[in-house]
Amino acid sequence: MIQVRPVSDLRNKFPEIESLVSEGQPVYLTKNGYGTIVVLSLEKYSDLTNDVEMKLDEADRMAESTAERRTHEDVFRNIRSSIHGR
């Protein structure tokens, strides 16, 4: 079940929030009725970002080994083509 809590719960009910997060559930915090923050366990955050970090490291290694550079327009055009199968 999605956990949506007011941001004040982070201060007032930290052990409860911590328990939910340690069980693997993200907790969405709101301020004045609007979403502001998502609290995740370090493990879940790591799961979300590890692939990105690996890809960025790979891109850095490739950039060091070649002088070829691409514009962001070229990169996004290629991505869109891949997504849309063109």
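Asp60 is found in helix α3, which covers residues 42–65, and this placement, like everything that follows, is read from a predicted model. With a relative accessible area of 48%, Asp60 is partly exposed, because the partly exposed class lies between the 20% limit for buried and the 50% limit for exposed residues. Asp60 also belongs to a negative surface patch, which it forms together with Glu53, Asp57 and Glu64. Membership of such a patch requires over 30% relative accessible area and no salt bridge, and the 48% computed for Asp60 can be read against that limit.

From this patch we can turn to the charged side chains that are paired. A search of the whole structure finds four salt bridges, and two of the pairings involve Arg5. In one of them, the side chains of Asp9 and Arg5 meet with an N to O distance of 3.4 Å; in another, the side chain of Glu16 meets that of Arg5 with an N to O distance of 2.8 Å. Since Glu16 lies in helix α2 (residues 14–22) while Arg5 lies in strand β1 (residues 3–6), the pair ties together parts that are eleven residues apart in sequence.

How buried or exposed are the residues of these pairings? Asp9 and Arg5 are both buried, and for Arg5 the relative accessible area is 14%, which falls under the 20% limit and therefore counts as buried. Glu16, by contrast, is partly exposed, with a relative accessible area of 38%.

Another salt bridge is formed between Glu68 and Arg70, whose closest N and O atoms are 3.2 Å apart. Here Glu68 counts as partly exposed at 47% relative accessibility, whereas Arg70, with a relative accessible area of 56%, is exposed, because that value is over the 50% limit. Returning to the pairings around Arg5, salt bridges that share partners join Arg5, Asp9 and Glu16 into one network.

The last stop on this path is Glu73, which is found in helix α4, a helix made of residues 72–84. At 42% relative accessibility, Glu73 counts as partly exposed. To place Glu73 relative to the N-terminal part of the chain, one may take Val7 as a reference: the two residues are 66 residues apart along the chain, and their C-alpha atoms are separated by 39 Å.

Methods. Residues are numbered from 1 along each chain as its sequence is written. This is a predicted model: local features need pLDDT of at least 70, side-chain atom pairs count only at pLDDT 80 or more; totals for chains, interfaces and linings use all residues. Side-chain values use heavy atoms; hydrogens and water are left out. Patches are made of residues with over 30% relative accessible area and no salt bridge: like charges are joined within 9 Å, nonpolar side chains (Val, Leu, Ile, Met, Phe, Trp, Tyr) within 5 Å. Accessible areas come from the Shrake-Rupley method with a 1.4 Å probe; for residues, only the protein chains shown count as cover. Lys and Arg count as positive and Asp and Glu as negative; His and the chain ends are not counted. The place of a charge is taken as NZ of Lys, CZ of Arg, CG of Asp or CD of Glu. Helices (H or I, at least four residues) and strands (E, at least two) are DSSP runs, numbered from the N terminus. Buried means under 20% relative accessible area, exposed over 50%, partly exposed in between (1.4 Å probe, protein chains only).
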